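Here are a few exercises to work through with the structure open beside you. Try each task before reading its solution.

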Amino acid sequence: NGLSSPTPVDTDADGLIDTVYAGDLRGRMHKFQFSKLDAPNTNYVLAASGDTDGAWRYIGAVYEADRPVTAAPVVTQACTGNSGWQVMFGTGKLNENADFTNTDTNAFFSVLDGGTSSALTVSSSSLAEITPTTSTVIAGTVRNWSTPSMSGKKGWKVNLVAGERVLSNPSLPPDTGAVLFGTARPSGDLCQAGSSGYLMAVKVCSGDI
């Protein structure tokens, strides 16, 4: 196992990183928090095991996806009506030869991190399910889906087709309210072209296209 690329966040707008999110190969999206030492020393330091100064701490897993996370998540403030942060990430890997023919079902997730509590980990039943359909437009295919019901939900999950995966970092284009991410579906042949994928944009708060 091992952590994927981390995403640092300044959650209290003081110009200093205080929270870090990172996924792992077992499909868990982890949360770490950093805190300043007591005044007058305001430097961040790496705490040793058993350190009581509160320099950093592991908070727990925000979500457990059961599929490897190899790209960094993207994080933005929670939608209106919620406190905390929306953490968005996809699953899937292409690290070994066997991955080229792997047909596991992966997904892209938007999960609400409402803060520290004993119930930090969001359950799968708390996410709205989105299963895209495809249609042909001129010479290509596009994806579409109905707006999911977000009532009582802490985010959404876009189901990908077998073998499709997210291998690159998602992004938040300015002034769109959407998260942008790409998917890849390897052809299975290391020496031949033919892999496919989609560029997808999903509204962060509504799960709509």
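**Exercise 1.** Work out whether Cys205 is buried, partly exposed or exposed in this predicted model, then find its bonding partner.

*Solution.* Start with the accessible area: Cys205 has a relative value of 45%. Buried means under 20% and exposed means over 50%, so a value in between is called partly exposed. That makes Cys205 partly exposed.

Next, look for the partner. Cys205 forms a disulfide with Cys79, and the two sulfur atoms are 2.0 Å apart. The structure holds 1 disulfide.

Now place the two ends. Cys79 sits in the loop between β5 (74-77) and β6, while Cys205 belongs to the segment after β13 (199-203). They are 126 residues apart, so the bond links distant parts of the chain. Cys79, with 12% relative accessibility, counts as buried.

Last comes the handedness. The torsion about the S-S bond is about -100°, so this disulfide is left-handed.

**Exercise 2.** Describe how the ring of Phe109 pairs with the rings of Tyr63 and Phe89.

*Solution.* A ring pair is described by two things, the distance of the centres and the angle of the planes. The count for the model comes to 5 aromatic pairs. One of them joins Tyr63 and Phe109, with 5.0 Å from centre to centre and 45° between the planes, a tilted pair. Tyr63 lies in strand β4 (residues 56-64) and Phe109 in strand β7 (residues 107-113), so this contact ties together parts 46 residues apart in sequence.

Then take Phe89. Its ring and that of Phe109 are 5.3 Å apart, centre to centre, with 20° between the planes. Planes under 30 degrees apart count as stacked, and this pair is indeed stacked. Phe89 is in strand β6 (residues 85-90), 20 residues away from Phe109 along the chain.

Put the pieces together: ring pairs link Tyr63, Phe89 and Phe109 into a cluster. Tyr63 and Phe109 are both buried, Phe109 having a relative accessible area of 3%. Phe89, at 1%, counts as buried too.

**Exercise 3.** Which residues other than glycine have a positive phi, Asp66 and Asp175 among them, and where do these two sit?

*Solution.* First, the background: most residues other than glycine have a negative phi. Asp66 has a positive phi of about 65°. Its place is in the loop between β4 and β5, and with 58% relative accessibility Asp66 counts as exposed.

Asp175 has a phi near 60°, again a positive value. You'll find Asp175 in the loop between β11 (155-159) and β12 (178-182). At 85% relative accessibility, Asp175 is exposed.

**Exercise 4.** Find the nonpolar surface patch that includes Val142, then look at what lies over the face of Tyr198.

*Solution.* Begin with the patch: Val137, Ile138 and Val142 form it, and together they have about 300 Å² of accessible area. Val142 is in strand β10 (residues 140-144). Its relative accessible area is 36%, so Val142 is partly exposed.

Now turn to the ring. Arg143 lies over the face of Tyr198, 3.9 Å from the ring centre.

**Exercise 5.** How far apart are the C-alpha atoms of Gln77 and Asp113?

*Solution.* Along the chain, Gln77 and Asp113 are 36 residues apart; in space, their C-alpha atoms are separated by 9.5 Å. Gln77 lies in strand β5, and with 58% relative accessibility Gln77 counts as exposed.

Notes:
Residues numbered from 1 in each chain as written. Predicted model: local features only at pLDDT ≥ 70, side-chain atom pairs only at ≥ 80, totals over all residues. Heavy atoms only, no water. Phe/Tyr/Trp six-rings, centres within 6.5 Å; stacked < 30°, edge-to-face > 60°. Helix = DSSP H or I, 4+ residues; strand = E, 2+ residues; numbered from the N terminus. Buried < 20%, exposed > 50% of the residue type's maximum accessible area, 1.4 Å probe, protein only. Lys NZ or Arg CZ within 6 Å of the ring centre and 35° of its normal. Disulfide = S-S within 2.5 Å. Patch = residues over 30% accessible without salt bridge, like charges linked within 9 Å, V, L, I, M, F, W, Y side chains within 5 Å. Areas by Shrake-Rupley, 256 points an atom, 1.4 Å probe, with all protein chains shown as cover. Salt bridge = Lys/Arg side-chain N within 4 Å of Asp/Glu carboxyl O.
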